[in-house]
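Please give an explanation of the structure shown below, written for a reader who has not met it before. The account should proceed from the chain as a whole to its individual contacts.

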Amino acid sequence: MSLFFQILMKRFIKVGTVHVIDHKGRKRSYVGSVAAPEITMHLHTSSIEYQLCVNPDLALGEGYMNGDITVEGGSIYDLLFVLGSNQNNGAFSVVQKWHMQGKQLLKNWISRISLSKAKSNVAHHYDLPPSLYGLFLDDDWQYSCAYFKKIDNDINVAQFDKKKHLAAKLRLSPHQTVLDIGCGWGGLALHLAQTENVHVVGLTLSEEQHKVATERARKAGLSDRVQFLLKDYREISGQYDRIVSVGMFEHVGLAQYKTFFHQVYQLLAPDGLALLHSIGAEYDSGMSSPWIAKYIFPGGYIPALSEVMPHVEHEHFHVTDIEILHHHYAATLHAWRQRILVNRKKLPKHLDDRFVRMWEYYLAGSEVSFQKRGLMIFQIQMMKNKEKAPLTRDYIYEYENISAATVRKVPKKKSAVAS
């Protein structure tokens, strides 16, 4: 292996031990001041070594997907955990640093997402075969951070608790109208309609999600109170008592934040409440890695709160609650990764080994990012009229103390209509 690669590895590894075997079988070890954990990375081609020096984020993911990189003595998660533990040492190479600085300078331009681009970005990830998601998500197909009251809770319990936590913060009353921006497969919308006797309009740009969600509403007998639309948030008019968005804001794009919060403000009733749940970066803007942007979430952008709040304040929203969830998404991703590894033989036949390695890398890398690279979840509650805000947060915990088995039996009413 090249002297340049050896120097970079020696500088970078300060925690743990990484053994590297090159394509000729030569082995070198890089040991940090804290030797554990320990992992071996096998580079099977000469080109992958060069690519790792130039653009390590992209090369590591592509190398693992393509079989140019394999891991010995552990899994890809173990390798990423060691590398993530060294992330505070800075960029792996000068070239990577240039890439990062260039992206920062261009981030507003990069994150301009038109309606047509938004639809194609969503289709790239969410219009995969629905059976794929059924192999690793919970029973309700919640594809966002769960809420772990105990870190070892089952994913089904944690996702149900997440829906209760959101419902508590929404402070719903019967027959109110709710707009769910980025409704996924409809789980939260159906839960709110069933348990709170509210009318919900869910928005998605994924044709597969729209089909599944609409059918779920029909089967649950909730079509009169839940309506799913294949529309972007910019295409909606009217007013709603409550607006909620979970796991969608990461796809909005920094350049569209002003538009997003202006639209939410216009759609929210004078005494209404809006709740935003999103991935955030603790320290600085968290633009997606080049590998994530290319293969998983094109157009994705993970903001720092400091990038979000100016747009909230510009609309004269009153921020009535902010909560940060630090460990919950790492636990969620761990559960998803374990489930897909157990069920990998059940994957649709046209999803080959390369796809499986891609998906494993995505889940493992995301888990490490929440553990070691400063990612978290923020939930922001916003109101137009702060006089309607509760004095304390006791209402959240009082609501959550309602038995998980309690489901209110509600009469059927006319569904909400969006234009």
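The following paragraphs treat the overall make-up of the chain, then helix packing, salt bridges and some details of the backbone.

The structure is a predicted model. The chain contains 16 helices and 13 strands. It has 419 residues, of which 55% count as buried. Among the contacts in the chain with a separation of 6 or more, 73% are between residues 24 or more positions apart.

The packing of helices may be considered next. Two packed helices are described by the angle between their axes and the distance between the axes. One such pair consists of helix α1, residues 3–12, and helix α2, residues 46–54. Their axes come within 10 Å and cross at roughly 50°. That angle makes α1 oblique to α2, since it falls neither under 35 degrees nor in the range from 65 to 115. The crossing of α1 and α2 is left-handed. On the side of α1 the contact is formed by F4, F5 and L8, and on the side of α2 by E49, L52 and C53. By class, the residues of this contact comprise 5 nonpolar, no polar and 1 charged.

A second pair is formed by α8 and α14, whose axes lie 10 Å apart and pack at an angle of about 140°. These helices, α8 and α14, are therefore oblique to each other, because only angles over 145 count as roughly antiparallel. The crossing of α8 and α14 is likewise left-handed. Here I155, N156 and Q159 in α8 meet T332, A335, W336 and R339 in α14. The residues of the contact of α8 with α14 divide into 3 nonpolar, 3 polar and 1 charged.

The next topic is charge pairing. Side chains of opposite charge can pair when their charged atoms come close. With a salt bridge taken as a side-chain nitrogen of Lys or Arg within 4 Å of a carboxyl oxygen of Asp or Glu, the count comes to 11 salt bridges. One of them joins E62 and K294, with 2.9 Å between the closest N and O atoms. This pair links distant parts of the chain, as E62 belongs to helix α3 (residues 56–66) and K294 to helix α12 (residues 290–295), 232 residues apart. Are E62 and K294 buried or exposed, or does each fall in between? E62 has a relative accessible area of 16% and is therefore buried, whereas K294, at 47% relative accessibility, counts as partly exposed. The reasoning rests on the limits used: buried means under 20%, and partly exposed lies between that value and 50%.

Another salt bridge is formed by K169 and D321, where the closest N and O atoms are 3.8 Å apart. K169 lies in helix α8 (residues 155–170) and D321 in strand β12 (residues 318–325), so this salt bridge ties together parts that are 152 residues apart in sequence. Both K169 and D321 are buried.

A further pairing brings together the side chains of R337 and E367, at 3.0 Å from N to O. R337 is located in helix α14 (residues 328–342) and E367 in helix α15 (residues 353–372), so the parts tied together are 30 residues apart in sequence. Both partners are buried: R337 has a relative accessible area of 5%, and E367 has one of 3%. In addition, salt bridges that share partners join K169, D321, E323 and R393 into one network.

Some details of the backbone complete the account. Which two residues does a cis peptide bond join? The residues are A36 and P37, and omega is about 0°. P37 is part of strand β3, residues 34–43. Positive phi values in residues other than glycine also occur. For W141, phi is near 60°, and this residue is placed in the loop between α7 (130–134) and α8. For R171, phi is near 50°, again a positive value in a residue other than glycine. R171 is found in the loop between α8 and β5 (177–181). With a relative accessible area of 31%, R171 is partly exposed.

Methods. Residues numbered from 1 in each chain as written. Predicted model: local features only at pLDDT ≥ 70, side-chain atom pairs only at ≥ 80, totals over all residues. Heavy atoms only, no water. Axes fitted to C-alpha atoms, helices over the stretch in contact; angles between N-to-C directions. Helix = DSSP H or I, 4+ residues; strand = E, 2+ residues; numbered from the N terminus. Left-handed = near helix turned anticlockwise from the far one by under 90°. Contact = heavy atoms within 4.5 Å. Nonpolar A, V, L, I, M, F, W, Y, C, P; charged D, E, K, R; others polar. Buried < 20%, exposed > 50% of the residue type's maximum accessible area, 1.4 Å probe, protein only.
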